[in-house]
Every structure is written in structure tokens, then in C-alpha cells.
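Trainee: Could we go through the aromatic contacts in this model together? I would like to see how such pairs are identified before we turn to particular residues.

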Amino acid sequence: MNILVITQLYPQPDDSGDNKPTRTVEYFAKEWVKSGNKVIVAHCPSRFPFLFYLIPPQIKNKLAGATSNIFPPLSSRKKLIREEFGIKVYRFPMIKVFPGNGYSAEMMEKQANEIFECLKKEGFEPDLVVGHFANPSTELTAILAEKYKAKSSIVFHHDCTEVNIEKYRIKENIKKIGAIGARSVIEAEDIRRRLGLLNTPFICYSGAPNDAVQCAKKVCDKQEFSEGIRHIYVGSLIKRKHLDVVIRAFLKNSGLKDTLTVVGGGPEEESLHKLAHSLNAGKRVVFTGRIPRDEVLKKMSEAQVFTLISDGETFGMVYIEAMLQGCLTIASKGGGFDGLIKDGVNGFICEPGNQTELENVYMRIATMSTEQRNKIGQAAIDTAIHYSEREVAERYLTDILENQR
């Protein structure tokens with residue numbers, strides 16, 4: 001099958017800074033190629049006026065941390081053609097004066113025609129057009145799927161909001177798209193209601209690396225907790241992740257032998273170091289910075305509790321990786337793991353950024369027996385082993401084809 005993927009965010013060799021784009025779409029494309037499909041990616045990032053790129057890096061990093069926006073490098077204004085993992089990737093930057101603005105219908109038609117002409121030169125006619133993120137993918141997917149009489153799908157990433165529905169002409173364009181997906185159960189129901197759909201969108205989950213699933217613990221054999229509870233956080237150090245709340249809750253409710261390992265880097269790193277110091281954390285809170293993935297997995301295997309309670313958290317693979325290691329995983333309420341993690345059964349759910357609620361979760365864990373903790377850890381493993389990149393990508397493609405309207 002020939003698959004055209006249209007996305008606003010896609011990793012590129014010239015990415016820079018701490019807040020890099022998610023690799024989620026790339027993982028799907030790689031697995032589809034491995035399964036014998038031919039995939040071309042149309043990466044359509046925003047291209048801002050030249051002066052935008054002259055903002056000092058320190059300011060851009062602070063803005064990125066505060067707003068969770070991706071601030072692209074100057075080189076991203078240029079078109080790019082490359083091939084990696086058997087995937088042909090075209091970068092087609094789209095001119096935008098201000099972040100958050102929509103594109104005119106005329107600009108969308110022009111962009112669609114440019115993609116069409118490139119595919120024509122490739123001799124590539126898609127059987128399926130897949131879009132990710134509301135803008136510009138919804139409208140481009142609708143236009144190109146109609147041009148090719150192809151099956152189609154759009155997956156929203158918590159961006160099908162009331163404001164975006166009008167700004168990006170989503171209701172108008174969704175009528176021309178075959179299947180609609182969301183990144184969580186809660187988001188799917190919200191999209192159904194907002195768009196007045198007859199059927200609830202399918203769920204497009206992320207997957208953990210295949211090797212991580214293959215090497216996952218089969219039995220939760222976490223050690224006795226008599227030597228303290230080993231907590232871990234893995235992720236970007238940006239405001240919406242609420243790591244400051246995690247540090248405060250941990251230090252307020254932990255014993256002297258308990259530890260919290262913070263893995264990752266980002267614009268909030270300096271302020272978080274200062275916070276830990278001001279709370280007299282000493283050696284109980286350890287910052288590793290960015291480390292290779294194999295070391296991350298090793299630290300997860302040694303840890304017992306994993307916490308990530310950020311705002312707008314979709315189905316992040318880091319949750320699955322923690323669960324594969326039998327960690328007691330605390331995920332964001334209302335995020336991508338609602339419906340997959342059942343509180344107190346295979347993990348815990350906590351309101352994003354709610355310190356009191358997180359403290360209560362930590363107290364629950366602290367008062368459990370080792371047997372109870374290991375039972376939850378085992379349930380986490382049993383859930384996560386079904387979410388490898390391979391399985392998830394296959395399920396995603398099946399859902400697209402079975403949900404064509």
C-alpha cells in the first residue's frame with residue numbers, strides 16, 4: 001500500500017534546542033515500511049518571518065518551556081528532501097506571520113498542489129492519506145484524499161478545540177475524511193461531542209520500542225522497599241510537566257532513604273536545581289541530565305515509582321517503558337492514559353500539577369505491602385507488553401481501514 005503522511009511535526013536533522021518535536025509519527029511510518037508499505041511524509045512546518053529566528057536562544061527556551069511550543073531553527077525555513085528508514089521525507093514550510101494563526105483556503109490549495117506535483121514526479125499515488133495534528137493536516141488531508149480518491153484519516157493530538165475548529169475549518173473538512181482518531185479515550189469522546197460525530201473516534205496509541213518490549217521484565221521482582229522507595233522522572237524539564245510539584249510532593253512525603261532520580265534536560269533545569277536546593281533535598285534528589293536510552297531503561301529497571309503528571313500529556317511511550325519495568329506508574333488524569341491505567345490496579349492516576357493529590361498517591365504507595373506493590377507492578381507489565389511499536393502501528397492501520405465512513 002502507498003501511504004502519504006501529512007504532519008506539522010516531524011524530526012529533522014537540523015532540529016535544535018531542548019524542546020524538539022515528537023518522533024511519534026516517524027515511529028508509525030517506520031513500522032509501516034517494515035510491513036511492506038511504501039511511505040512518503042509531507043512535513044509541513046510553519047515558516048515565520050526572518051526576524052522571528054533572531055530572538056536570543058535563552059528567551060526562546062524560556063518561551064518554549066512556558067508555552068510548550070516548538071521554536072524551529074532558522075534552517076527549518078528551507079525545503080528539504082531526504083530518505084531515512086526507507087521513508088522519503090519532504091519538508092514543505094508554510095509561511096505564517098504569527099504563531100497560532102490559521103492558513104487561508106487559498107494557501108492550503110497551493111500547498112496541496114505543491115505536494116501533488118512532488119508526488120507526481122515520484123510516480124507515487126497514495127492509496128491512503130494519513131494526517132496528524134489539526135493544522136494544517138486536516139485540510140491538506142481532505143484536499144489530497146479527494147484528489148487521489150484515496151482512503152483517509154486524521155488524528156488529533158488534543159488540538160481539536162472550539163477555537164481551532166473554527167480557525168482551521170475542521171467541521172467543513174472532516175466531512176471529506178474517512179476515519180477520525182484521537183490520542184486518548186477522553187479526547188475521543190470530547191471530539192465526538194465537539195464535531196457532532198455519530199461514532200466515537202478510534203484511539204491512536206503510541207508504542208514502546210520493540211526491543212524494549214522484547215527485553216521487558218516478565219515478572220515484577222522489585223526488591224523489598226525496606227531500603228527506601230526509589231522514585232524516577234523521565235522527560236523534558238519544561239513547565240507543563242510539573243516536575244516542581246513532583247519534587248515538592250516527594251520531599252514532603254518521603255523517608256530519609258527514599259530517592260528521586262530526574263532524567264532529562266530543558267529550559268527549567270536551572271530553576272529546578274534551585275528548588276531542590278532550597279528544600280534541602282541533599283542527595284535525595286539526583287539530576288542526571290540527558291543520558292542514552294539504554295541507561296534510561298536501566299535506571300527505570302532499578303526504580304520502583306515513576307511519576308509524570310503533566311498537562312496535555314498524550315499517550316507518551318515513556319509511560320509504557322516505565323510499566324514494562326514494573327514501575328508503579330503515576331499518569332496524568334485526563335491524558336492519554338486514562339482508560340488504559342486503572343487507578344490502583346495497574347498504576348495510578350493524578351490530576352496534572354495537583355500536589356495534594358500526588359501526595360495522597362505517594363501515601364497510598366508508602367502504606368502498601370510489598371506484595372500489593374508488586375501485584376500492581378505485574379499488572380503494569382501485563383498491560384504494557386501489548387504496546388510495542390510494531391503492534392501499535394499494525395493496530396493503527398487496521399483501525400484506519402475499518403473506520404472509513
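Mentor: Let us begin with the criterion: rings of Phe, Tyr and Trp, the last by its six-membered ring, pair if their centres lie within 6.5 Å. Please keep in mind that this is a predicted model.

Trainee: How many aromatic pairs does a search of the whole structure find?

Mentor: The search finds eight aromatic pairs. One of them joins Phe202 and Tyr396, with 6.0 Å centre to centre and 40° between the planes, and this pair is tilted.

Trainee: Where do Phe202 and Tyr396 lie along the chain?

Mentor: Phe202 belongs to strand E10 (residues 202-203) and Tyr396 to helix H15 (residues 389-402), so the pair links distant parts of the chain, 194 residues apart.

Trainee: Are those two buried or exposed?

Mentor: Phe202 counts as buried because its relative accessibility is 7%, under the limit of 20%. Tyr396 is buried as well, with a relative accessible area of 2%.

Trainee: What about Tyr205 and Tyr387, how are their rings arranged?

Mentor: Their planes are at 90° and their centres 5.4 Å apart, so the pair is edge-to-face. Tyr205 lies in the loop between E10 and helix H8 (210-214), while Tyr387 lies in the loop between helix H14 (370-384) and H15, so the pair ties together parts that are 182 residues apart in sequence. Both Tyr205 and Tyr387 are buried.

Trainee: Which charged residue sits over the ring of Tyr387?

Mentor: That is Arg395, whose charged end is 5.0 Å from the centre of the Tyr387 ring. Elsewhere, Lys147 lies over the face of Phe116, 5.2 Å from the ring centre.

Trainee: Back to Phe202, which residues form one aromatic cluster with it?

Mentor: The cluster consists of Phe28, Trp32, Phe202 and Tyr396.

Trainee: Changing topic, where is Ile40, and what is it in contact with?

Mentor: Ile40 is in strand E2 (residues 38-43) and is buried, with a relative accessible area of 2%. Leaving aside neighbours within four places in sequence, its contacts are Ile3, Leu4, Val5, Lys88, Tyr90, Leu119, Glu122 and Phe124.

Trainee: And how far apart in space are Ile40 and Leu51?

Mentor: They are 32 Å apart, C-alpha to C-alpha, with their positions 11 residues apart in sequence numbering.

Trainee: One last residue: what does His231 touch?

Mentor: Not counting residues up to four places away in sequence, His231 touches Phe250, Thr259, Leu260, Thr261, Val305 and Tyr362. His231 lies in strand E11 (residues 230-234) and counts as buried at 6% relative accessibility.

How values were computed
Residues are numbered from 1 along each chain as its sequence is written. This is a predicted model: local features need pLDDT of at least 70, side-chain atom pairs count only at pLDDT 80 or more; totals for chains, interfaces and linings use all residues. Side-chain values use heavy atoms; hydrogens and water are left out. Helices (H or I, at least four residues) and strands (E, at least two) are DSSP runs, numbered from the N terminus. Buried means under 20% relative accessible area, exposed over 50%, partly exposed in between (1.4 Å probe, protein chains only). Contact means heavy atoms within 4.5 Å. Rings of Phe, Tyr and Trp (its six-membered ring) pair if their centres lie within 6.5 Å; planes under 30 degrees apart count as stacked, over 60 as edge-to-face and the rest as tilted. A charge sits over a ring if NZ of Lys or CZ of Arg is within 6 Å of the ring centre and within 35 degrees of the ring normal.
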